[in-house]
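Visitor: I'd like to poke around this model with you. Put it up on the screen, and I'll fire away with questions.

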Amino acid sequence: MASFKKYERLTGSRQIEKLFDRTGTTFKFFPLLFIIRQLTFSDEVSVKALISVSKKRLPRAVDRNCVKRRIRAIHQTHKLSLTKSIEQRGSCGVGIVYLTDSVLDSKEIDKAYLKFLKKIDATDS
């Protein structure tokens, strides 16, 4: 099983600000919003990801952590196909934002992630 190591996570306030500065490409597939932007990293990782679940939408920490865990697991399973899709662009940051007020099943989140991967493949071709 693939893992989600520290060096694969998008960290640092400057990198996160660059990701969210409205110059990246956004894709919205309910219940997720994906933001992609070319970023330069000091290490040799081509894709770094950020997972965000709003405290305003899910006030209970248990629910937020559950959703983040589900998104992280789905990202881990599809990480290789995402990396292959984005390799042509160079190094990129990917922000994954959860949009709904309720905790959804992993299947629905997985459907949104797969739609995102198909869209990325279609835009690169």
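Guide: First, some vocabulary: buried means under 20% relative accessible area, exposed over 50%, and partly exposed in between (Shrake-Rupley areas, 1.4 Å probe, only protein chains as cover). What you see is a predicted model, where local features need pLDDT of at least 70 and side-chain atom pairs need 80 or more, while totals for chains, interfaces and linings use all residues. Numbering starts from 1 along each chain as its sequence is written, and side-chain values use heavy atoms, without hydrogens or water.

Visitor: Let's start with K48: is it buried or exposed?

Guide: K48 sits in strand β3, which spans residues 47-53; strands here are DSSP runs of E, at least two residues long, and helices are runs of H or I, at least four, numbered from the N terminus. The relative accessibility of K48 is 11%, so this lysine counts as buried.

Visitor: Which residues is K48 in contact with, leaving aside neighbours within four places in sequence?

Guide: Contact means heavy atoms within 4.5 Å. By that rule K48 reaches C92, G93 and V94, among others. The rest of its list is Y7, E8, R9, L10, F41 and D43.

Visitor: D43 rings a bell as a charge partner. How far apart are the closest N and O atoms of D43 and K48?

Guide: A salt bridge needs a side-chain nitrogen of Lys or Arg within 4 Å of a carboxyl oxygen of Asp or Glu. D43 counts as partly exposed because its relative accessibility is 27%, whereas K48 is buried. They do form a salt bridge, with the closest N and O atoms separated by 3.5 Å.

Visitor: How many salt bridges does the structure hold?

Guide: The one between D43 and K48 is included, and so are E8 with K79 and R57 with D101. The total for the structure is four.

Visitor: Take E8 and K79. How many residues apart are they?

Guide: Their closest N and O atoms are 3.0 Å apart. The bridge ties distant parts of the chain together: E8 belongs to the segment before α1 (13-19), K79 to helix α2 (residues 61-86), and the separation is 71 residues.

Visitor: And is K79 buried or exposed?

Guide: Both partners fall into one class: E8 has a relative accessible area of 13%, so it is buried. For K79 the figure is 12%, which means K79 is buried.

Visitor: What about R57 and D101: where is each one found?

Guide: R57 and D101 bridge at 3.4 Å between their closest N and O atoms. The pair spans 44 residues and again links distant parts of the chain: R57 is in the loop between β3 and α2, D101 in the loop between β4 (92-98) and α3. On accessibility, R57 is partly exposed at 36%, and D101 at 53% counts as exposed.

Visitor: Back in β3, which residues does A49 touch, not counting those up to four places away?

Guide: A49 lies in strand β3 and, at 3% relative accessibility, counts as buried. Its contacts are F4, E8, R9, L10, H75 and V94.

Visitor: Now F34: what is its relative accessible area?

Guide: F34 is in strand β2. Its contacts beyond four places in sequence include F27, F29, I96, Y113 and F116. It is buried, with a relative accessible area of 0%.

Visitor: Which residues gather in the patch of positive charge on the surface?

Guide: Patch members have over 30% relative accessible area and no salt bridge; like charges are joined within 9 Å, nonpolar side chains (Val, Leu, Ile, Met, Phe, Trp, Tyr) within 5 Å. K118 is exposed at 64% and lies in helix α3 (residues 106-124). The patch consists of K107, K111, K115 and K118.

Visitor: Any backbone oddities? Which peptide bond is cis?

Guide: Most residues other than glycine have a negative phi, and most peptide bonds are trans. R22, in the loop between α1 and β1, has a positive phi near 70 degrees. P31 is in the loop between β1 (25-29) and β2 (32-38), and the cis bond, with omega near 10 degrees, runs from F30 to P31.

Key
Lys, Arg positive; Asp, Glu negative; His and termini not counted. Charge placed at Lys NZ, Arg CZ, Asp CG, Glu CD.
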